[in-house]
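Hi there,

Here is the structure I promised to pass on. Have a look at it first, and then read on for what turned up.

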Amino acid sequence: MKADQFQAPDYYNLDDLLSDEHKMVRDAAREWVKREVSPIIEEAAQKAEFPKQIINGLAEIGAFGPYIPEEYGCAGLDQISYGLIMQEIERGDSGVRSTASVQSSLVMYPIFKYGTEEQKKKYLPKLASGEMMGCFGLTEPDHGSNPSGMTTTFKDNGDHYLLNGAKMWISNAPFADIAVVWAKNEEGRIYGLIVERGMEGFTTPETHNKWSLRASATGELVFNNVKVPKENLMPEKSGLGAPLGCLDSARYGIAWGAIGAAMDCYDTALRYAKEREQFGKPIASFQLQQKKLAEMITEITKAQLLAWRLGVMRNEGTATSAQISMAKRNNVEMAINIAREARQILGGMGITGEYSIMRHSMNLESVITYEGTHDIHLLITGADITGIPAFQ
């Protein structure tokens, strides 16, 4: 088992922009990833198994709902701290970061923002500690980029709601204790409901044969006349804007997370290029390899600045959905391009599990699609700058 020798690149001294707390939070997450994720992640990906033993560790480094107040058992950190944690976790693996992102931004965030005080007290402390895990049900078999077309519905049945429908491509679904599910009521209005494992008619079949996010558990949510207690409806916001608000938080985390994957590929390629000799000298001495590496660090630095500025705006409450879309799209594309270039620097070794690059590359093929596809985020920017939506 190879030691994790990762050294984070910081070409523009961006650490100077971070507070002592930011750096402490980041460094704690970095050391945890080196100690607990790196040694086991290649085997987990090869076996297509989510390493459940890391859940407690994710909770301990504050990866679950870090920006939610301490009164609910969370860390009460700011948005830049959240981003840095996601960066470090995805440096280890995108699938592990997906687990943390879903728990934080797609389960805890809506309960905190849209739920009742009773719901917050019931669920958030257990979600923060990892005692309870959650998932988020929005995407359906026939409705991905067009979530407003969802066909999952619930109707008032006296003392409870009756929920019917299905969701797919759901991270954490196979083991989640609760699901935040978005469905239409009888008037066609979208609301979030908290569905608990064990409710009759609620099943979570696992999705197999994935070539991406292999160390993450993915599944479906199937609802067949599920009786959901009325107190499990989140009343504070309805309409499509409610789940999209959750996606803003998740996409923001991805914008940081993708930097971590890119950093790992760059660091691996740089170290390899200095050590690998051909024609009597290190391949790092050849112009084309230096071109690759120089472009990598340039793109990483630009992405770091984009994410940091977005984090500042998130802290101020001024960041728009379109700005978040730009960062998600740019940074994931940056990461996947760096993974591909890094693989070439390593030659044949780049496809083996001895190095992380091919795993990152496969994972990023999912990251570039989920939480809004690459093309949809482009059109979100286009609609924002022209005032003309091209996807309706």
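Let me start in the interior: tyrosine 82 and tyrosine 252 are both buried. Please keep in mind that this is a predicted model.

A search of the whole structure finds 13 aromatic pairs. One of them brings together tyrosine 67 and tyrosine 109: the ring centres are 6.4 Å apart and the planes meet at 70 degrees, so this pair is edge-to-face. The two partners come from distant parts of the chain, 42 residues apart, with tyrosine 67 in the loop between helix 2 (55-60) and helix 3 (79-92) and tyrosine 109 in helix 4 (residues 94-114). Tyrosine 67 has a relative accessible area of 13%, which makes it buried. Tyrosine 109 is buried as well, at 15%.

Back to the tyrosines I opened with. Tyrosine 82 and tyrosine 252 also form an aromatic pair, a tilted one, with 6.1 Å from centre to centre and 35 degrees between the planes. Here helix 3, which holds tyrosine 82, is linked to helix 6 (residues 241-275), which holds tyrosine 252, across 170 residues of chain. Ring pairs join these four tyrosines with Tyr114, Phe136 and Trp182 into a cluster. Tyrosine 252 has a further contact, since the charged end of arginine 314 sits over its ring, 5.3 Å from the centre.

Now for the charged side chains. The whole structure has 17 salt bridges. In one of them, aspartate 15 meets arginine 26 at 2.6 Å, N to O. Aspartate 15 lies in the segment before helix 1 (20-47) and arginine 26 lies in helix 1, so the bridge ties together parts that are eleven residues apart in sequence. Is each partner buried or partly exposed? Aspartate 15 is partly exposed, with a relative accessible area of 25%, whereas arginine 26 counts as buried at 8%.

Another salt bridge joins glutamate 365 and arginine 340, whose closest N and O atoms are 2.7 Å apart. Glutamate 365 belongs to helix 9 (residues 357-367) and arginine 340 to helix 8, so this pair ties together parts that are 25 residues apart in sequence. Glutamate 365 is partly exposed at 38% relative accessibility, and arginine 340 is partly exposed at 40%. Elsewhere, salt bridges with shared partners connect Asp4, Arg91 and Asp264 in one network.

Finally, a word on helix 8 itself (residues 321-346). At 1.5 Å a residue its 26 residues should span 38 Å, and the end C-alpha atoms are indeed 38 Å apart, which agrees. After helix 8 comes glycine 347, with a positive phi near 60 degrees.

Best wishes

Definitions and conventions. Residues are numbered from 1 along each chain as its sequence is written. This is a predicted model: local features need pLDDT of at least 70, side-chain atom pairs count only at pLDDT 80 or more; totals for chains, interfaces and linings use all residues. Side-chain values use heavy atoms; hydrogens and water are left out. Helices (H or I, at least four residues) and strands (E, at least two) are DSSP runs, numbered from the N terminus. The expected span of a helix is 1.5 Å times one less than its number of residues. Rings of Phe, Tyr and Trp (its six-membered ring) pair if their centres lie within 6.5 Å; planes under 30 degrees apart count as stacked, over 60 as edge-to-face and the rest as tilted. Buried means under 20% relative accessible area, exposed over 50%, partly exposed in between (1.4 Å probe, protein chains only). A charge sits over a ring if NZ of Lys or CZ of Arg is within 6 Å of the ring centre and within 35 degrees of the ring normal. A salt bridge is a side-chain nitrogen of Lys or Arg within 4 Å of a carboxyl oxygen of Asp or Glu.
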